[in-house]
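Welcome to this guided tour. Please open your viewer, get ready to select residues by number, and follow along one stop at a time.

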Amino acid sequence: MQIYVILIACAVLLLCLFFKVPVFISVFAGALVYFLLGASSSPAILAQRIISGTQSIPLLAIPFFICAGVFMNYTGVTKRIMNFCNALTKRMTGGLGQVNVLLSTLMGGLSGSNLADAAMEAKMLVPEMEKAGYSKEFSSVLTATSAMITPLIPPGIGMILYGSIANVSIGKLFVAGIGIGILLCVSLMILVWIISKKRGYQVAQKEPRQKGEVGKSFRQAVLPLCLPIIIIGGIRIGAVTPTEAGTVAIVYALLLGVVYHEITIKNIISGLKESVATTASIMLIVGGASAFAWVLTRERIPQQLTTLITSNIHNKYLFLLIVIVFLLLVGMFIEGNAAMIVLVPLLAPVAAAYGIDEIHFAMLFIFVMAVGGVTPPMGTLIFVTCGVTKCDIKAFIKESLPFYVLLLIVMLLIAFVPVLSTGLVNLVY
């Protein structure tokens with residue numbers, strides 16, 4: 001009887017998402033159906049599971065890093081890093097496109113939020129790219145896709161969530177994310193070069209850079225660029241936990257504001273309000289998804305799924321291919337954080353049963369979920385970017401095709417070349 005209740009709960013969840021009901025309400029509704037129809041369950045347990053799902057020490061890192069990222073945007077950090085990126089890519093074909101990718105990579109180590117990164121770059125860079133001759137569609141797609149790098153570079157919120165759910169070292173995930181983030185960064189820069197050369201976007205400049213231009217821009221950006229090193233170094237030597245590293249990041253961001261003379265009381269208040277709003281939206285999803293994940297665990301769905309898959313699929317690489325296809329489909333309809341909280345308890349034990357390294361599987365999972373942000377119909381990065389740039393969504397999707405091919409290639413590399421995920425971790429740990 002209970003299996004039918006689970007199926008009805010899942011159907012309600014999917015229907016709510018299909019009709020564009022907010023994600024946290026959709027997840028609440030699915031969990032509530034189980035507690036109302038399940039003969040042995042009290043609805044009061046739902047409230048307990050929602051609250052307990054948000055009362056995790058590692059999850060405290062999320063509001064801290066969000067707050068740090070917001071303060072970074074108020075202290076002139078973004079402008080200094082963009083000038084540094086511009087100096088590095090000045091003589092490259094598709095210069096502003098390369099700046100777009102590099103800025104996302106470097107800002108990923110500061111904000112941890114891909115939506116914030118996409119919105120910021122859509123406001124700052126897309127108008128400049130259009131003035132330089134890039135199409136609005138290309139500029140918007142590149143901005144959304146490059147924002148995917150943000151959750152891969154520490155302190156990515158997705159890594160914090162995955163580590164707290166699957167009981168995997170967040171410090172190791174941070175280190176692994178650097179390698180995957182750089183892989184995606186280099187891949188996107190190559191694609192930008194190819195497309196720019198084909199379309200004649202910003203051909204390479206032959207005149208030499210001004211003397212000391214790169215050095216000067218680096219000196220202006222060096223302090224904020226030290227933050228990821230401080231975070232990972234502090235966690236690695238045991239000086240701070242990931243949660244404590246978040247508080248260090250906030251203090252560091254405020255200190256930068258003082259050093260650059262760009263922080264004001266008004267900015268601090270605005271930053272705190274923005275941080276609370278962003279954190280609340282994430283934690284509502286975390287609470288609801290935690291309750292739904294508890295339902296699945298209570299009904300032993302993970303164990304049954306593990307037995308079913310391992311008894312029918314005997315090759316771990318075939319399993320990884322199936323996981324990629326499944327997560328891509330899920331990512332098209334369900335927000336990444338919600339999907340992660342529900343699916344990690346299901347799939348991580350199965351991956352372990354195949355002997356797949358936990359860091360390797362974690363990075364593949366996080367990457368595929370990040371791809372969901374740029375895939376229709378529910379891609380959040382699409383809506384955020386197009387909302388700012390006023391790009392037509394149909395034109396956006398058409399322009400995205402070469403980027404989807406690239407993301408698929410990178411995805412397969414991550415799946416079938418484990419050293420890309422684990423190599424740097426083995427060097428550091």
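## First stop: Ile 194

Select Ile 194, which sits in helix α11; helices are DSSP runs of H or I with at least four residues, strands are runs of E with at least two, and both are numbered from the N terminus. Before going further, please note that this is a predicted model, in which local features need pLDDT of at least 70, side-chain atom pairs count only at pLDDT 80 or more, and totals for chains, interfaces and linings use all residues. Residues are numbered from 1 along each chain as its sequence is written, and side-chain values use heavy atoms, with hydrogens and water left out.

Is Ile 194 buried or exposed, or something in between? Its relative accessibility is 45%, so Ile 194 counts as partly exposed. The cut-offs are these: buried is under 20% relative accessible area, exposed is over 50%, and partly exposed lies in between, using a 1.4 Å probe and protein chains only.

Now add Thr 93 to your selection. Ile 194 and Thr 93 are 101 residues apart in sequence, and their C-alpha atoms are 8.6 Å apart in space.

## Second stop: helix α22

Next, select residues 401-416, which make up helix α22. The expected span of a helix is 1.5 Å times one less than its number of residues. For the 16 residues of α22 this gives 22 Å, and the end C-alpha atoms are 23 Å apart, which agrees.

Which residues of α22 are buried? Colour Phe 403, Leu 406, Leu 407, Val 410, Met 411, Ile 414 and Ala 415 to see them. Then show what covers these buried residues: the cover includes α9 (136-146), α11 (170-199), α17 (316-333), α19 (358-371), α21 (393-399) and α23 (419-428). Contact here means heavy atoms within 4.5 Å.

Give another colour to a nonpolar surface patch of about 960 Å², whose members include Tyr 317, Leu 318, Val 405, Leu 408 and Val 419. Patches are made of residues with over 30% relative accessible area and no salt bridge; like charges are joined within 9 Å, and nonpolar side chains (Val, Leu, Ile, Met, Phe, Trp, Tyr) within 5 Å. The areas come from the Shrake-Rupley method with a 1.4 Å probe, and for residues only the protein chains shown count as cover. Two or more patch residues come from each of α17 and α22. The largest share, six residues, belongs to α22.

One patch member to click on is Phe 416, which lies in helix α22. With 33% relative accessibility, Phe 416 counts as partly exposed.

## Third stop: aromatic rings

A pair of aromatic rings is described by the distance of the centres and the angle of the planes. Rings of Phe, Tyr and Trp (its six-membered ring) pair if their centres lie within 6.5 Å; planes under 30 degrees apart count as stacked, over 60 as edge-to-face, and the rest as tilted. How many aromatic pairs does the whole structure hold? A search finds ten.

Select Tyr 134 and Phe 138, a stacked pair with 6.0 Å from centre to centre and 10° between the planes. Tyr 134 is buried, at 3% relative accessible area, and Phe 138 is buried too, at 0%.

Keep Phe 138 and add Phe 403: these two form a tilted pair, 6.1 Å centre to centre with 50° between the planes. Phe 138 is in helix α9 and Phe 403 in helix α22, so this pair ties together parts 265 residues apart in sequence.

For a cluster joined by ring pairs, select Tyr 162, Phe 319, Tyr 354, Phe 361 and Phe 365.

## Last stop: salt bridges

Side chains of opposite charge can pair when their charged atoms come close. A salt bridge is a side-chain nitrogen of Lys or Arg within 4 Å of a carboxyl oxygen of Asp or Glu, and by this rule there are three.

- Glu 262 and Arg 80: their closest N and O atoms are 3.2 Å apart. Glu 262 is in the loop between α14 (242-259) and α15 (265-298), while Arg 80 is in helix α5 (residues 77-89), 182 residues apart.
- Lys 131 and Glu 128: the N to O distance is 3.7 Å. They are three residues apart in helix α8 (residues 126-131), so about one helical turn separates them.
- Arg 199 and Glu 399: the N to O distance is 2.7 Å. Arg 199 lies in α11 and Glu 399 in α21, so the pair ties together parts 200 residues apart in sequence.
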